[in-house]
Amino acid sequence: MYDDGLRSRSTGRRTKRRTDTDTIAATPTAQTKPRYMYSQSITRTHRTAFVFLIDGSGSMSEQITYNAVTRSKAEVVAEITNHLLFELIERARREEGVRDYYDIAVMSYSGDDRISSLLPDGREMMSVEELSHCEPMMSSRTIECRMPDGSIALREIPTQRWIASIAEGQTPMYEALLRTRQLLADWCSRIDNAASFPPVVFNITDGEATDCAEEDILTVANDHTGFSVFFPSEEEMRYPNRYARLLYDSSSVMPDIFNTPIREVKGMWSLPPFRGMSFNASPVNLLTMLNIGSISVKTE
């Protein structure tokens, strides 16, 4: 994801163009590490990092339906992210406790170039072991349950919450990507991380950046409606949608290790290479994509 020749930031502001539902770009940082390193098992001596960038702009207050309940996009994304944080902690848990397999960063971008960490105490990045020691807030979420007679009932279950939803202001995506680039440049430069599984970046947004031009997004990302696409191949991108193509061009080719779980979801008819993005994604697709990108790796 890194390029010393990054262009200077565009000073012009743009009006955000929203899509119908969440748009996701998942970017494994393949440009800085050899692709064979994606077969590297994650251990306490060969760690990795997961970075979640979450659009917290005003348009994320738009209402959508998820699990038969109508809520804002921001609330749904926060719930899914909290669920994934729980899964990441449990995946690292062993008999002796949570092993220090990876670092985690969760940042929101909103307002006027405001990039803020959503982790406890505003920490920019913390290990999964540290996160496991932070006492989360408790809340509830609604799930659908099938009754013995075949009917569907709604049930509230307790859930842990580390981050809260945000929906205000504009979409300073470019600033968020710049912050992530520096964060992961520092992470990758550490000797202990030289042979690690490459970091993975998820950018969750429902529209265009308002703080840059398209070429700026392409530069920093490559350096680090009526239809939807999900882990698309080149053949699936042959339609006239400028923003979907921008996401495609700024997202990474998924490493071979992810091809099998992607094909299991899309169908075995689908053929790689796949790009790590989704356009007009449903909340279910969002959860699936985050799971594939973060949990399909091997830990030892």
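**Exercise 1. Pairing around β7**

Task: In this predicted model, find the sense in which β2 and β7 pair and the number of bridges, then work out which strands β7 pairs with in the antiparallel sense.

Solution:
- Step 1. Start with β2: this strand and β7 run parallel, joined over 8 bridges. One place to look is alanine 49, whose bridge partner in β7 is aspartate 103.
- Step 2. Turn to β9, which pairs with β7 in the antiparallel sense over 2 bridges. Here isoleucine 104 has methionine 126 of β9 as its bridge partner.
- Step 3. Go on to strand β8 (residues 114-117), again antiparallel to β7, with 4 bridges. Serine 108 is bridged to serine 116 in β8.
- Step 4. Inspect the hairpin of β7 and β8: there are 3 residues between the strands, and glycine 111 has a positive phi near 60°.

**Exercise 2. The two faces of β7**

Task: Sort the residues of β7 by the way they point, and decide whether they are buried or exposed.

Solution:
- Step 1. Recall the rule: side chains in a regular strand alternate between the two faces of the sheet.
- Step 2. Apply it to β7: Tyr102, Ile104, Val106, Ser108 and Ser110 point one way, while Asp103, Ala105, Met107 and Tyr109 point the other way.
- Step 3. Check the cover. Strand β7 (residues 102-110) has 9 of its 9 residues buried, so both sets meet the cut-off of under 20% relative accessible area.
- Step 4. Follow Tyr109 to a helix. Tyrosine 109 and leucine 177 are 68 residues apart in sequence, with 9.7 Å between their C-alpha atoms. Leucine 177 belongs to helix α3 (residues 173-189), and it counts as buried because its relative accessibility is 6%.

**Exercise 3. Classifying ring pairs**

Task: The structure holds 4 aromatic pairs; classify the pair of phenylalanine 52 and phenylalanine 202, then that of tyrosine 101 and tyrosine 102.

Solution:
- Step 1. Two values describe a pair of aromatic rings: the distance of the centres and the angle of the planes.
- Step 2. For phenylalanine 52 and phenylalanine 202 these are 5.2 Å and 5°, a stacked pair. The two residues are 150 apart in the chain, phenylalanine 52 in strand β2 (residues 48-55) and phenylalanine 202 in strand β12 (residues 200-207). Both are buried.
- Step 3. The centres of tyrosine 101 and tyrosine 102 lie 6.4 Å apart with the planes at 35°, so this pair is tilted. Both tyrosines are buried as well.
- Step 4. Extend the picture: ring pairs connect Phe50, Tyr101 and Tyr102 into a cluster.
- Step 5. Finish with a charge over a ring: arginine 275 lies over the face of tyrosine 248, 4.4 Å from the ring centre.

**Exercise 4. Another hairpin**

Task: Describe how β10 and β11 pair, and find the glycine with a positive phi in their hairpin.

Solution:
- Step 1. Strand β10 (residues 137-146) and strand β11 (residues 152-161) are antiparallel, with 10 bridges.
- Step 2. Glutamate 144 is bridged to leucine 154 of β11.
- Step 3. The hairpin has 5 residues between the strands, and glycine 150 takes a positive phi near 95°.

**Exercise 5. Where to trust the model**

Task: Find the elements where confidence is lowest and highest.

Solution:
- Step 1. Begin with the whole protein: the mean pLDDT is 78, and 77% of the residues score at least 70.
- Step 2. Confidence is lowest in strand β1 (residues 18-28), with a mean of 45, and highest in strand β9 (residues 126-127), at 96.
- Step 3. Look at residues 1-25, where the pLDDT is below 50; this stretch nevertheless has 120 contacts in the model beyond near neighbours in sequence.

Technical notes
Residues are numbered from 1 along each chain as its sequence is written. This is a predicted model: local features need pLDDT of at least 70, side-chain atom pairs count only at pLDDT 80 or more; totals for chains, interfaces and linings use all residues. Side-chain values use heavy atoms; hydrogens and water are left out. Buried means under 20% relative accessible area, exposed over 50%, partly exposed in between (1.4 Å probe, protein chains only). pLDDT is the predictor's confidence in each residue, from 0 to 100. Contact means heavy atoms within 4.5 Å. Two strands pair if DSSP finds at least two bridges between them. Rings of Phe, Tyr and Trp (its six-membered ring) pair if their centres lie within 6.5 Å; planes under 30 degrees apart count as stacked, over 60 as edge-to-face and the rest as tilted. A charge sits over a ring if NZ of Lys or CZ of Arg is within 6 Å of the ring centre and within 35 degrees of the ring normal.
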